[in-house]
Amino acid sequence: MHRVDVFPTHEYQGLKLRRGWPHPFGASVLGNMVNFSVYSRYATDCTLVLFHNREEQPFVEIPFFKEFRLGNVFSMIVFDLDYENIEYGFRMDGPFDPAEGHRFDRSKILLDPYAKLIVGRDVWGQKPNWDSLYQYRARVVFDDFDWENDLPLETPVNDLIVYEMHVRNFTCGAASGVKHQGTFAGVVEKIPYLKELGVNCVELMPIHEFDEFENFRPSPVDGHPLYNLWGYSNVGFFAPKAAYASAGRFSMQVDELKNMVKRLHANGIEVILDVVFNHTAEGNEKGPYISYRGIDNKTYYMLTPDGGYFNFSGCGNTLNCNNPNVRDMIVESLRYWVTDYHIDGFRFDLAAILGRDQNGNPMSNPPLLESLAHDPILGKTKLIAEAWDAGGLYQVGSFPSWGRWAEWNGKFRDSIRRFLKSDEGVLGDVKERIVGSPDLYASQKRGIKASVNFVTAHDGFTLMDLVSYNKKHNEANGEDNRDGENHNNSWNCGCEGPTDDADINRLRHRQVKNAITLLMVSQGIPMVLSGDEMGNSQQGNNNAYCQDNEIAWLDWNDLEKNSDIFHYFKQIIKFRRQHQVLRYEDHLAHSDYRHLGYPDFSWHGVKAWQPETGYNNLTAAFMLNGQYAETDGVADDFIYVAMNMHWEMHGFELPHLPEGMTWHVFANTGMEVPADIAEPGEEPLVDSQDEILVGPRSIMILVGRGEDISILS
Amino acid sequence: MNIEVYKVGEELDAINYSQVQDEISAILEKSSSVVLDMTDCRYVSSSGLRVLLYSEKVASSKGQKLYLVGLSAQVKDIMEVTGFNNFFDSFKTIEECMQHIK
């Protein structure tokens, strides 16, 4: 059958037109027709502006005729466009009345808020033409891609080991050895490395289109260029960052990113996107017109009563997330990334903002968060909140979840860091963190799977810097060291920064191993900061958002220099993946509810079954009973972890195992390589089955099992 | 076996993709296999990539084969980073390709 509605009804300057479909918004292709649709509640008129690729002046500006408007939507079909060679934008007519929230300006050419392919910043760091009338230019996307049998992996949340990564920093360093440095294709080249490390999920710092030249400036310290490297500043919510694609210069970022996801999936690695729905790159009233401000300012932004911009993001403006139309846009964006890019999950930057109403007040049941929790297409997508914002709302443990949302557990980071540097009074809190923070997540029945545990993330020190610096050193950012977090809970082990002192360097390596050990033996979803596995340093910079250079780029030479750290990471990740008993979904009972002879989980101290309770204590041990974590009917091993964050050695009395089982030592951070960690499954027998000596600031992991494999080998 | 060689021009993009597609489709109608000689081709755009993959899919759906020959470094790179290379058997020269087909 042929459709009867595929014939032009109008003509304008030689182009054949027809009334469009209001939905879907944006540009979509059907045969020889391209449908353009944009909504604006307050605009009075709209014009479609068409350019040939990269040309400064448009070749035509087509008004949306009266009959092309339905409700508040302007839609138009243009026939026979050679759409690979077309860039499009809109002009909006309407009131300019900032006090009322309106900032329409017909002189501006505006980006489609639903643009799926954006050009204009195609090659990283290539200076744009600042005078250009239209900077970030929408194109019509080729949305067909042969995924073959790929789909999101749906890895159980509790089995994830997340690797937080910046696409550019990951492989931009000269020693990365990849052909396509700093790109999606570069990530693909490093897949064998990720597999060797053992992570099964990469969480990408923002890959939506942003402008690396936003707030571009030379460093007042040494003149080197400062970029918006991290990209927490969206230009578009539907388009990938062109300059992260090696084929971005040919506008093929969509295919390159899809191929990256497909290749990662084929290797068992999920992809989570860090998404920034709290603000846009348009800044405050002094910022540029990119899109939203000129399309429908009052709809897209949270405005003060006098029409100014609320700044809960700390970045000039706040997206009006609980306006029904903006809410729909966010839902549609996320659905698009899942449907068209097979994305496995999202981490929401400053997610507390998503729960504020249009006047900025926190809501108890925010409709946006509820929509996302119940959305059918996102039904198996991981949703992770950074449960705070720059306006002082801190919701770790109380983020509205409907049983679906997990959180970055900032309290895990803080407590574990304090424990690592032997703070007093922190042991009680550390114990909560190790068992999956039931104090935060048990009451709403959210379970262990609500807790994303981490010691380091992109915000703050890298792990090596955490044990090498007492204070941040952000002078290179050009803000007199005022930017970045001041409360780092870090300890330099005796000298600020790099040193030749072998004892200090040994201690730093041990502390790094202690940190990853605590992360990997804790219940919850562990997240590793990219580079920590090779001891990456940012020279004490704890806010490297603008350092597009060796400060923020991974130095792959570290892999050899810190080979003991990389080896340790690999082994402990493997250990976690082999032991179901470390990866519970729901909180532990701390009792022997199945009458197996031992509780599912038990705390110990230097004396078995007698955990320390004193304020100053820095020793603790726990035992996991593998009988409670069967896989296909086979019980897991017993696991015993002794933690000594005291600066003196301590003996730990071991709990006795069931008849026929013996303790084997998997890891001992107090030992030098290769005695620091064993091959999982081949752990040597512990000499004394009654007591172990745990060195100063050291952790030991024992495995209890029946068959003595070490005798066999 | 009925094989035909089709020579692709210097560029395969929005300007000529439609014509190239028609011509390859016509060959696939009458021949069992087609060899695309890309030796002169320096650039393949998004639409060009789709011409290649669509033709390959038409060929496979009919039990026929489509081969690529003489990919330039740049075209090869574009195909690798977008993953389109995974769908094709590709050869350096026509002789090599013919050798393989035999």
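Start by selecting A:Arg54, which sits in the loop that links strand 5 (45-52) to strand 6 of chain A. Keep in mind as you go that this is a predicted model. Is A:Arg54 buried or exposed? It is exposed: 12 other C-beta atoms lie within 10 Å, and a residue counts as exposed at 12 or fewer. Now add A:Ala43 to your selection. A:Arg54 and A:Ala43 are eleven residues apart in sequence, yet 28 Å separates them in space, going from C-alpha to C-alpha.

**The five-stranded sheet**

From that loop, step over to the sheet. Colour strands 6, 5, 9, 13 and 12 of chain A in that order, and you have an open sheet of five strands with antiparallel pairing. Which strands stand at the edges? Those are strand 6 (60-63) and strand 12 (117-119) of chain A; each has a single partner strand, so one side of each is left without a neighbour in the sheet. Turn the view a bit and look at the twist: on average, neighbouring strands of this sheet are turned by 35° against each other, direction ignored.

Now zoom in on strand 12 and strand 13 (residues 137-139) of chain A. They pair in the antiparallel sense, over three bridges. For one pair to click on, try A:Val119, which has A:Arg137 of strand 13 of chain A opposite.

**A strand with two faces**

Next, select residues 691-694 of chain A, which make up strand 29, and show the side chains. Which ones point to which face? The side chains alternate: A:Ile692 and A:Val694 are buried and point to one face, while A:Glu691 and A:Leu693 point to the other and are not buried. Then bring in strand 27 (residues 650-653) of chain A. Strands 27 and 29 of chain A run antiparallel and are joined by four bridges. One residue of the strand you just looked at turns up again here: A:Glu691 in strand 29 of chain A is the bridge partner of A:Glu653.

**Two helices in chain A**

Time for some helices. Select helix 6 (residues 324-341) and helix 7 (residues 367-374) of chain A, which pack with their axes 10 Å apart and at an angle of about 25°. That angle makes helix 6 of chain A roughly parallel to helix 7 of chain A. Their crossing is right-handed. To see the contact, show A:Arg327, A:Ile330, A:Val331 and A:Leu334 on helix 6 of chain A, along with A:Pro367, A:Leu368, A:Ser371 and A:Leu372 on helix 7 of chain A. By class, the residues of this contact are six nonpolar, one polar and one charged.

**Over to chain B**

Switch to chain B and pick helix 1 (residues 17-30) and helix 2. These two pack at about 15°, their axes 10 Å apart, and are therefore roughly parallel to each other. The crossing of helix 1 and helix 2 of chain B is right-handed. Residues to show include B:Tyr17, B:Ile24 and B:Leu28 from helix 1 of chain B, and B:Val51, B:Tyr54 and B:Val58 from helix 2 of chain B. This contact has eight nonpolar residues, five polar ones and no charged ones.

**Where the chains meet**

Last stop: show both chains together. How many residues does each chain bring to the contact? Chain A brings 17 residues and chain B brings ten. On the chain B side, the elements that give two or more residues are helix 2 (46-61) and helix 3 (73-82) of chain B. Helix 2 of chain B gives the most, with four residues. Colour the chain B side by class and you get four nonpolar, five polar and one charged.

Technical notes:
Residues numbered from 1 in each chain as written. Chains lettered and ligands numbered in written order. Predicted model: local features only at pLDDT ≥ 70, side-chain atom pairs only at ≥ 80, totals over all residues. Buried ≥ 20, exposed ≤ 12 C-beta atoms within 10 Å, placed from the backbone. Pairing = 2+ DSSP bridges. Contact = placed C-beta atoms within 7 Å. Nonpolar A, V, L, I, M, F, W, Y, C, P; charged D, E, K, R; others polar. Axes fitted to C-alpha atoms, helices over the stretch in contact; angles between N-to-C directions. Parallel < 35°, antiparallel > 145°, perpendicular 65-115°, else oblique. Left-handed = near helix turned anticlockwise from the far one by under 90°.
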